Amino acid sequence: MDYKKAGVDIEAGYRSVELMKEHVKKTMRPEVLGGLGGFSGAFSLAGIKEMEDPVLLSGTDGCGTKVKLAMILDKHDTIGIDAVAMCVNDIACAGGEPLFFLDYIACGKNEPEKIAAIVSGVAEGCMQSGAALIGGETAEHPGMMDEDEYDVAGFAVGVCERKKMITGDNLNAGDVLIGMASSGVHSNGYSLVRKVFNMKREALDTYYESLGSTLGETLLVPTKIYVKALKSIKDAGVTVKACSHITGGGFYENVPRMLKDGLRAVIRKDSYPIPPIFNMLSVDGNIQEQMMYNTFNMGLGMVLAVDETDADAAVRAIREAGEAPYVVGRIEAGEKGVDLC
C-alpha cells in the first residue's frame, strides 16, 4: 500500500504545479517576493508605507454550485475568474485596491491539465483586477468527492487609505444611484438555476435565439470584475459615497448593506435592460418577481451612490473603463431598506 493507491497522487500534484506556473507568472506584481512553490506567499508592503493611514481589506468566497455546471460542460478555464471576482469585487466596493490572491482547489482526483485550466481562469481574474496570484493549494479528497468533482474558492487582500474607504457614512437623501451591468447570473443563485433548467449536457448545449448562445454558455459566463471601473471613478475625482456588490440575496439583502439608518434606496426596475436569461429563469421556473430580485443580480452586478452633481462624471468614468453604467434611482429619507418600483 502507498499514498497513490490510497487515492492521492503526489506526482500529479507536482505536474499540476509545473503546468500552472506559466499562468501564475502573468499575474506578478513588483511587490511579490520569491516564486511559486514556497510554504507561503510573500508580498512586500514597502509600497504602502507612503500611505497616510493604510487599511488592509480582505475577502474570501467561492463560486457556489456554479462549479457543477463547469463539470457538466467539461469547461474549466473560466470558473477561476468567478472565484477571484467574488473576492476582489467585495474589496473594491469598500474602496480598496486588491493586492494579492490565493486559491484553494479541492478535487476527488488530481488531473493536472484540469487543475491547470482552473488556475488559468484564476490568473485571468487576477490580471483583470490587478492582483498577484501569490499562492494556493490543490487538495485531493478521495472518498469525500467523486474523482471528476472539484470545488474552488479563494482569499484576497487589498489596501485603502482610511479616509478614502467607502463606508456610506456621508450618504445623503438626493444622492444618485448608478448600476453597472452584470454579465449574467454571475456566481449566485445556481442551486435555484439547477432546479429550473435541465442540467443534462444535451439540454445545456441547446442554442436559444433570445440568449444569442447556448444555455450552458450563457450560464457559464464569468462574473464581471469591477475593480478597474471603480478605480476609473476615483481617478475622475468622483467620491463614491456607498457601494453594494449584488451577490447572494440579490437587491433586498445587499443594497441595504450600503445604507445608514434613516435612508432608503429607490431603484427603478425599468431604468436598465435586464438580460434575457432572467426572464427565462422566471418563466421556466415560475419564480415570482420578488424572489427573482431576492436571489439574482437581475442585470446589475454593482450599485453605487454618488452626489447628484457627480453623476454624469461617474457614468463617463465607468463607460471609459469598458463597463455599462445606468442611472437607476436615488437615495431618499425613510426606513433603511430598498424599494423596487
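## Salt bridges, core and sheet in a predicted model

Asp77 is partly exposed, with a relative accessible area of 35%. The model you are looking at is predicted, and this residue makes a handy way in. The side chain of Asp77 meets that of Lys75 in a salt bridge, 2.8 Å from N to O. Lys75 is partly exposed too, its relative accessible area being 37%.

In total the structure holds 16 salt bridges. Side chains of opposite charge can pair when their charged atoms come close. Three of the pairs are set out here.

| Pair | N to O distance |
|---|---|
| Lys75 and Asp77 | 2.8 Å |
| Lys241 and Asp307 | 3.8 Å |
| Glu31 and Arg29 | 2.8 Å |

What does the Lys241 and Asp307 pair tie together? Lys241 sits in the loop between helix 8 and strand 10, and Asp307 in the loop between strand 12 and helix 12, so the salt bridge links parts that are 66 residues apart in sequence. Lys241 counts as buried, because its relative accessibility is 10%, and the cut-off for buried is under 20%. Asp307, at a relative accessible area of 26%, is partly exposed. Elsewhere, salt bridges with shared partners connect Arg29, Glu31 and Glu97 in one network. Of these residues, Glu31 and Arg29 are both buried.

The loops of that Lys241 and Asp307 pair lead on to the sheet. Six strands make up this open, mixed sheet, and their order is 10-12-7-13-11-14. Strand 10 (242–245) and strand 14 (337–340) are the edges, each pairing on one side only. From one strand to the next, the twist averages 25 degrees. Strand 10 runs antiparallel to strand 12 (residues 300–306), with four bridges between them, and Ala242 stands opposite Ala305 of strand 12.

Two helices can be placed against these strands. Helix 8 (residues 227–235) lies across strand 7 (176–181), strand 10 and strand 12, at about 15 degrees to strand 12. Helix 12 (residues 311–320) packs on the sheet as well, where it touches strand 7, strand 12 and strand 13 (325–333). The direction of helix 12 makes about 10 degrees with that of strand 7.

An annotation helps with orientation here: the unreviewed UniProt entry lists residues 173–337 as "domain: PurM-like C-terminal". In the model, that span is 34% helix and 22% strand, and its end C-alpha atoms lie 13 Å apart.

Now for the interior. The largest nonpolar core has 94 residues, and the members touching the most others are Phe197, Leu219, Phe251 and Leu304. Helix 3 (residues 79–92) supplies the largest share of this core, nine residues. Another core lies apart from it, with nine residues that include Phe43, Ile48, Phe100 and Val159.

Which residues does Leu219 touch, leaving out those up to four places away in sequence? They are Lys66, Leu69, Val185, Tyr190, Val193, Phe197, Met199, Leu204 and Ile277. Lys66 and Leu69 are among the buried residues of helix 2. That helix (residues 66–73) is mostly covered, with six of its eight residues buried; Val67, Ala70, Met71 and Leu73 are also in that buried set. The cover over the buried residues of helix 2 includes helix 3, strand 6 (150–161), helix 5 (190–196), helix 6 (201–204) and helix 7 (215–220). Just past the end of helix 2, Asp74 adopts a positive phi of about 55 degrees.

How values were computed
Residues are numbered from 1 along each chain as its sequence is written. This is a predicted model: local features need pLDDT of at least 70, side-chain atom pairs count only at pLDDT 80 or more; totals for chains, interfaces and linings use all residues. Side-chain values use heavy atoms; hydrogens and water are left out. A nonpolar core is a set of buried Ala, Val, Leu, Ile, Met, Phe, Trp, Tyr and Cys residues joined through side-chain atoms within 4.5 Å. Buried means under 20% relative accessible area, exposed over 50%, partly exposed in between (1.4 Å probe, protein chains only). Contact means heavy atoms within 4.5 Å. UniProt positions are given in the numbering used here, feature names are shortened, and annotations may be inferred rather than shown by experiment. Two strands pair if DSSP finds at least two bridges between them. Axes are lines fitted to C-alpha atoms, for helices over the stretch in contact, and angles run from 0 to 180 degrees between N-to-C directions. A salt bridge is a side-chain nitrogen of Lys or Arg within 4 Å of a carboxyl oxygen of Asp or Glu.
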